[in-house]
Amino acid sequence: MSCWETLADYGLRSLGYGERLLPRSDFTLCQQVVLIGSGMIWNIYFGVLALLSGFFLATAAAVGKASTNPVLQRLSNGFIFVFRGSPLFIQFFFAHFLFVALKGVSPVFDAFSAAWLGALIVLFLNTAAYSGEIFYGALQSVPKGDMEAADAYGLAGWARFRRITWPTMLRLAWPAYTNEAIFLFHATTLVYFSGFPALQQRGDALYYASYFADKTFNPFVPYPILAIYFILVTLGILALFGLVNRRLNRHLPQEQRARMKFRPNLLR
């Protein structure tokens with residue numbers, strides 16, 4: 001089988017298209033690259049949707065934590081504390097058993113016990129909590145001079161938040177938020193260990209990498225391939241977020257613009 005035939009058979013296998021059976025023997029490098037790349041579709045799916053939806057919840061959590069309303073402040077503080085204070089793997093574990101229990105109560109919850117929705121919800125809440133704390137710190141760092149200038153121009157309420165507070169918060173938080181986005185994509189590999197099932201062998205990238213490592217007894221081929229894929233994703237995130245960072249800082253002189261730095265979290 002040529003590499004082009006392998007790509008046609010297994011390129012979209014993680015989505016259920018193409019050859020149903022995984023190769024059993026005589027594994028080629030092309031098969032490993034294609035199948036692990038096919039699994040990356042799910043990792044990108046989890047990362048992109050969790051990041052986009054988590055961004056808005058994180059903004060709301062940050063505003064709630066900075067609010068003078070005690071109810072909003074306690075709710076936001078509690079949400080951020082719970083999801084930042086517990087390991088992500090434990091959150092997957094409890095969410096899986098919760099959704100399985102709810103599945104027995106009503107068929108409405110059937111989809112929640114599957115990885116495509118259940119694991120996505122956990123990642124969404126986790127990144128929203130971490131990003132919310134980042135945004136809250138940026139809100140606290142908004143220069144008072146900006147607020148005084150907004151008052152001088154008669155801006156108040158929603159108009160002041162939309163035109164002054166929120167853009168300044170994003171500009172200050174963006175470098176740290178970029179690191180959170182990178183870590184989120186790396187954390188999608190935990191879905192493989194989370195207990196959410198991979199139906200009909202349609203798993204993520206780590207699922208296929210582990211499959212080849214178990215079958216060949218050689219982890220030094222599939223796992224480096226997996227690492228290369230995630231390095232490429234990281235480079236893509238840095239490039240995309242770098243463009244946004246330059247857009248947010250376009251009004252500043254070149255020497256005053258915040259530079260993007262990759263600072264990985266060693267512990268979560």
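What follows is a conversation between a colleague and a modeller about how the terms used for this structure are justified.

Colleague: What kind of model is this, and how are its residues numbered?

Modeller: This is a predicted model in which local features need pLDDT of at least 70 and side-chain atom pairs count only at pLDDT 80 or more, while totals for chains, interfaces and linings use all residues. Residues are numbered from 1 along each chain as its sequence is written, and side-chain values use heavy atoms, with hydrogens and water left out.

Colleague: Which elements make up the chain, and how many of each are there?

Modeller: The chain has 9 helices and 0 strands, where helices (H or I, at least four residues) and strands (E, at least two) are DSSP runs numbered from the N terminus. Along its principal axes the C-alpha trace spans about 75 × 50 × 30 Å.

Colleague: Why is tyrosine 211 called buried?

Modeller: A residue is buried under 20% relative accessible area, exposed over 50%, and partly exposed in between, with a 1.4 Å probe and protein chains only. Tyrosine 211 has a relative accessibility of 11%, and therefore it counts as buried. Tyrosine 211 lies in helix α8, and, leaving aside neighbours within four places in sequence, it is in contact (heavy atoms within 4.5 Å) with Leu22, Pro23, Arg24 and Phe27. In the chain as a whole, buried residues make up 43% of the 268 residues.

Colleague: What makes α8 largely enclosed by the rest of the structure?

Modeller: Of the 12 residues of α8, 9 are buried, and so the helix is largely enclosed by the rest of the structure. Its buried residues include Ala205, Leu206 and Tyr211, and the buried residues of α8 pack against α2 (29-66) and α9 (222-248). One residue of α9 is leucine 226, which is buried with a relative accessible area of 8% and which touches Ile36, Met40, Ala205, Leu206 and Ala209, not counting residues up to four places away in sequence. Leucine 226 and alanine 205 are 21 residues apart in sequence, and their C-alpha atoms are 6.8 Å apart in space.

Colleague: How do you know that the length of α8 agrees with what is expected of a helix?

Modeller: The expected span of a helix is 1.5 Å times one less than its number of residues. For the 12 residues of α8 (residues 205-216) this should give 16 Å, and the end C-alpha atoms are 17 Å apart, which agrees. Helix α3 (residues 70-85), with 16 residues, reaches 21 Å from its first C-alpha to its last, close to the 22 Å expected.

Colleague: Why are the buried residues of α3 said to line one face of the helix?

Modeller: In α3, the residues Ser76, Phe79, Ile80 and Phe83 are buried. Seen down the axis of α3, these buried residues fall within an arc of 90 degrees, so they line one face; the arc is that of the directions from the helix axis to the C-beta atoms. An α-helix has 3.6 residues a turn, so residues three or four places apart point the same way. The face turned away from the buried side of α3 carries the exposed residues Val71, Arg74, Phe81 and Gly85, while what covers the buried residues includes α2, α4 and α5 (115-140).

Colleague: What makes lysine 65 and glutamate 133 a salt bridge?

Modeller: A salt bridge is a side-chain nitrogen of Lys or Arg within 4 Å of a carboxyl oxygen of Asp or Glu. The side chains of lysine 65 and glutamate 133 meet at 2.7 Å, N to O, and they form a salt bridge. Lysine 65 lies in helix α2 and glutamate 133 in helix α5, so the pair ties together parts that are 68 residues apart in sequence. Lysine 65 is buried at 14%, whereas glutamate 133, at 22%, counts as partly exposed.

Colleague: How many salt bridges does the structure hold?

Modeller: The structure holds 2 salt bridges, one of which joins aspartate 151 to arginine 160, the closest N and O atoms being 2.9 Å apart. Aspartate 151 is partly exposed at 46% relative accessibility, and arginine 160 is partly exposed at 26%.

Colleague: Why is phenylalanine 93 called partly exposed?

Modeller: Phenylalanine 93 has a relative accessibility of 39%, and therefore it counts as partly exposed. Phenylalanine 93 is found in helix α4 (residues 88-105).
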